[in-house]
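Hi there,

Here is the structure I promised to pass on. Have a look at it first, and my notes follow underneath.

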Amino acid sequence: MEKPITIEPAEMDDLVEWLGQFGEQTGGGIIRHVYDDAWSAARRALMGVMSEAGLEVREDAVGNLFGRIAGESQRTVLTGSHIDTVVLGGRYDGALGVLSALAALRALKPLGKPRRSVEMVALCEEEDSRFHANFWGTRGILGKISESELTDLVDDRGVTIGEAMHRAGFPPEKLRDAKRDDLDAFVELHIEQGRILFDEHRPLGVVDTITGLYRFRVTLEGRTDHAGTTPMDLRRDALQAAAEISAEMTRIVAEAGRPAVVTNGWWDVQPGAWNIVPGLVHFSVDLRHPVEATKQRLASEIRRRGEEIAARRGIGISYEVVGDILPMDMDSSLKRELQAAAEARGVTWIPMISGAGHDSQVMATGVPTAMLFVPSVDGRSHSAAEYTSPEDAARGATVLAEALRRLAY
Ligand code: GLV
Ligand code: MN
Ligand code: MN
């Protein structure tokens with residue numbers, strides 16, 4: 001047997017530093033949204049590094065970027081994660097999965113032709129931060145994007161996702177060409193984004209299940225009035241209704257206990273003036289639970305309570321569902337491969353549930369899929385404070401490389 005592959009911390013550190021420059025903002029934090037300039041620049045640079053590593057580089061119709069080591073069989077073992085970020089995100093969410101895949105394939109390349117083909121991918125969109133695109137890259141690969149989304153999904157500036165694709169050099173009418181039928185497995189390495197591994201001083205998690213996600217936008221319509229002359233008892237203040245609904249949702253979900261979570265992270269208050277009673281409010285609801293029945297029960301309860309509160313206050317209410325993603329179990333035999341790879345490299349692992357959403361939960365609907373987690377310092381994520389030590393990153397990438405070797409060589 002060949003000498004085992006070891007990825008060095010310095011290599012991971014350099015890669016993280018390098019990719020983190022694309023979209024980095026002056027005050028800290030990264031904005032790299034699908035089809036924007038920073039995203040395009042990061043992909044171009046990555047293409048260069050992948051070519052230098054001797055990978056066969058190709059991009060698909062939606063902007064996923066692939067680097068391949070062709071094997072005796074066309075059947076492919078795929079690894080990677082997403083290259084887009086949240087608004088003012090960190091250097092690791094998604095990026096570390098792409099860079100670990102790169103480091104692993106660079107290390108595997110000298111081993112010669114594999115039995116099955118091995119490929120890395122930088123998926124184009126996962127975060128839902130510019131469009132409510134809900135895993136656009138992965139859905140492209142699975143052929144699960146509908147034509148109507150090209151015009152229905154619009155960013156804050158009124159640009160449709162179809163126009164954004166066109167501007168970034170991806171003709172939207174070719175959308176269907178992204179579909180693949182050659183994938184035998186998908187393995188995604190990701191930062192945990194929570195604090196279990198960090199608190200328990202564990203280097204690695206193998207994911208059992210990824211949480212389910214239910215997302216909707218709430219619209220409350222009251223009446224704008226003069227802030228000085230309208231008595232408190234005569235107001236139809238849309239913000240006060242929204243605030244009560246938000247507090248009530250939070251109470252219901254907190255009472256359900258861990259791991260149920262709900263977040264109202266985005267607010268739009270109109271007309272947004274100091275001296276006008278708010279007449280119109282939109283806010284977001286992101287509800288998560290790894291058990292589908294519980295997720296659905298909580299979703300109907302918070303929706304019902306919202307309607308009751310709005311009715312009592314004489315405020316109009318409507319909901320627009322923008323995502324309903326099933327919790328997803330990872331593939332058992334692929335999990336066993338990851339566990340065996342970790343054990344072979346002397347890395348202890350624990351089973352985990354992911355509270356964050358991942359491409360893997362959508363990929364798993366069409367391709368056997370499994371995930372590795374590495375520690376997030378202080379559990380910080382979706383923040384510029386995200387950090388994973390180069391040692392932990394390198395340990396994860398080493399296990400990933402070992403797993404790919406077992407799966408493809
Ligand atoms: C994606 O990162 C999510 O869990 O929101
Ligand atoms: Mn991610
Ligand atoms: Mn994320």
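How far is an oxygen atom of ligand 1 from an N or O atom in the side chain of R288? The distance is 2.7 Å. Please keep in mind that this is a predicted model, so every value here is computed from it.

**Around ligand 1**

R288 has company. The backbone contributes too: a polar backbone atom of G357 lies 2.7 Å from an oxygen atom of ligand 1. From the side chain of H382, an N or O atom is 3.1 Å from an oxygen atom of the ligand. Ligand 1 has 190 Å² of accessible area on its own, and the protein covers 92% of that. The full set of residues around ligand 1 is E126, E127, R215, R288, A356, G357 and H382. Sorted by character, this shell holds 4 charged residues, 2 polar ones and 1 nonpolar one.

**The manganese site**

Two residues from that list turn up again at a metal. The manganese ion that is ligand 3 has as its protein donors D93 through OD, E127 through OE (listed twice) and H382 through NE2, at 2.0 to 2.5 Å. Written along the sequence, the spacing of these donor residues is D-x33-E-x254-H. E127 sits in the loop between β4 (116-123) and α4 (136-142), while H382 sits in the loop between β14 (369-374) and α12 (390-408), so this pair ties together parts of the chain that are 255 residues apart in sequence.

D93 has a second role in the geometry: D93 bridges ligand 3 and another manganese ion, ligand 2, and the two ions lie 3.5 Å apart.

Are E127 and H382 buried or exposed? E127 counts as buried because its relative accessibility is 10%, under the 20% cut-off. H382, at 42%, counts as partly exposed.

**D84, next to E127**

One more residue is worth a look while you have the model open. D84 is in the loop between β3 (73-82) and α3 (95-108), and D84 is buried, with a relative accessible area of 1%. The side chain of D84 reaches the backbone nitrogen of E127 at 2.9 Å. Leaving aside residues up to four places away in sequence, D84 touches R32, V34, D93, L123, C124, E125, E126 and E127. That list includes D93 and E127, which are both donors to the manganese ion (ligand 3).

Happy browsing, and do write back with any questions.

Best wishes

Notes: Residues are numbered from 1 along each chain as its sequence is written. Chains are lettered from A and ligands numbered from 1 in the order in which they are written. This is a predicted model: local features need pLDDT of at least 70, side-chain atom pairs count only at pLDDT 80 or more; totals for chains, interfaces and linings use all residues. Side-chain values use heavy atoms; hydrogens and water are left out. A residue is near a molecule or strand if one of its heavy atoms lies within 4 Å of it. A polar contact is a pair of N or O atoms within 3.5 Å; within protein, one must be able to donate a hydrogen and the other to accept it, and residues adjacent in sequence count only if both atoms are side-chain atoms. Accessible areas come from the Shrake-Rupley method with a 1.4 Å probe; for residues, only the protein chains shown count as cover. Ala, Val, Leu, Ile, Met, Phe, Trp, Tyr, Cys and Pro count as nonpolar, Asp, Glu, Lys and Arg as charged, and the others, Gly among them, as polar. Helices (H or I, at least four residues) and strands (E, at least two) are DSSP runs, numbered from the N terminus. Buried means under 20% relative accessible area, exposed over 50%, partly exposed in between (1.4 Å probe, protein chains only). Contact means heavy atoms within 4.5 Å. Donors are N, O and S atoms within 2.8 Å of the metal (3.2 Å for Na, K and Ca); water is not among the atoms, so sites may look incomplete.
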